[in-house]
Amino acid sequence: MLDHSVSRILSHLCQVCYLVLLWALFRRWWRTLHQPPSPKKQGQRSLGPTKAPPCPACQAEGEAREETPKPVDPQPRIEQKRGRPRKVDTSSHYCPCKKCRYYGWPGLGNIRANGHPNGGRWRQLECTVCGKCFMETSNTIFFGKRVPAETIWQALKALSEGLDIRSTSRVFDRDP
């Protein structure tokens, strides 16, 4: 009788210890999950992925790139003296070619409209300095889309109001 009660008490004690251990592990996991990231101390090393040192050719190219800074002053505005006056406003576009000296400077007269390729809805633009052609929607959410801009805006409004992606695709009769 005595052996049976002792083994029973020991069994209950083991179960209680097991539950306390589970509670402690769960609490630790919960704290790490909901704890904001601590700021990195000054002497602390990062445990993230390490970056391999560049090869000598890449390092020389990087140094050459650092030596040629972007010009601080804008390039001179280009005035077209021949042909009929331009009707398409291209003042908000700039040349996307990084080698062009007009790269990053919008509204300097170096961009002209070049028609609608393949009868599409977006215009093709051309830099008159370097000859690079690009779409007016490059680097926007409309690039490569055949859907009207108004439909995309309405879908974004529906998504921002809390409609999920599947419901939005059903409302606008489009693929998600």
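**View 1. Phe142, a buried ring in the predicted model.**
Phe142 has a relative accessible area of 13%, so the residue counts as buried, the cut-off being under 20%. Its ring centre lies 5.9 Å from that of Trp153. The two planes stand at 65°, so this pair is edge-to-face. The contact links distant parts of the chain. Phe142 sits in the loop between strand 3 and helix 3, Trp153 in helix 3 itself, 11 residues apart. Trp153 is partly exposed, with a relative accessible area of 46%.

**View 2. The aromatic cluster of Trp122, Phe142 and Trp153.**
A search of the whole structure yields 3 aromatic pairs. One of them joins Trp122 and Phe142. Their centres are 5.8 Å apart and their planes 35° apart, a tilted arrangement. This pair, too, bridges distant parts of the chain. Trp122 belongs to the loop between strand 1 and strand 2, whereas Phe142 belongs to the loop between strand 3 and helix 3 (149-160). The separation is 20 residues. Together, Trp122, Phe142 and Trp153 make up one cluster.

**View 3. An open sheet of 3 strands.**
The strand order is 1-2-3, and the pairing is antiparallel. Strand 1 (111-113) and strand 3 (133-135) are the edges, each pairing on one side only. Neighbouring strands are turned by 35° against each other on average, direction ignored. Strand 2 (residues 124-127) meets strand 3 over 3 bridges, in the antiparallel sense. Gln124 has Met135 of strand 3 as its bridge partner.

**View 4. The largest pocket, with about 570 Å³ of space.**
Its lining counts 23 residues. Closest to the centre are Gln80, Pro85, Arg86, Lys87 and Ile111. By class, the lining of this pocket splits into 6 nonpolar, 8 polar and 9 charged residues.

**View 5. The second largest pocket, with about 340 Å³ of space.**
Here 15 residues form the lining. Ile152, Ala155, Arg174, Asp175 and Pro176 are the closest to the centre of the second largest pocket. Helix 3 and helix 4 (165-171) each contribute at least two lining residues. Helix 3 gives the largest share, 5 residues. The lining of the second largest pocket has 9 nonpolar, 3 polar and 3 charged residues.

Methods: Residues numbered from 1 in each chain as written. Predicted model: local features only at pLDDT ≥ 70, side-chain atom pairs only at ≥ 80, totals over all residues. Heavy atoms only, no water. Pairing = 2+ DSSP bridges. Helix = DSSP H or I, 4+ residues; strand = E, 2+ residues; numbered from the N terminus. Axes fitted to C-alpha atoms, helices over the stretch in contact; angles between N-to-C directions. Phe/Tyr/Trp six-rings, centres within 6.5 Å; stacked < 30°, edge-to-face > 60°. Buried < 20%, exposed > 50% of the residue type's maximum accessible area, 1.4 Å probe, protein only. 1 Å grid on protein atoms, 1.4 Å probe; cavity = no way out; pocket = protein on both sides within 12 Å on 5 of 7 lines; lining within 4 Å. Points joined across faces, edges and corners; volume = space filled by probe spheres on them. Nonpolar A, V, L, I, M, F, W, Y, C, P; charged D, E, K, R; others polar.
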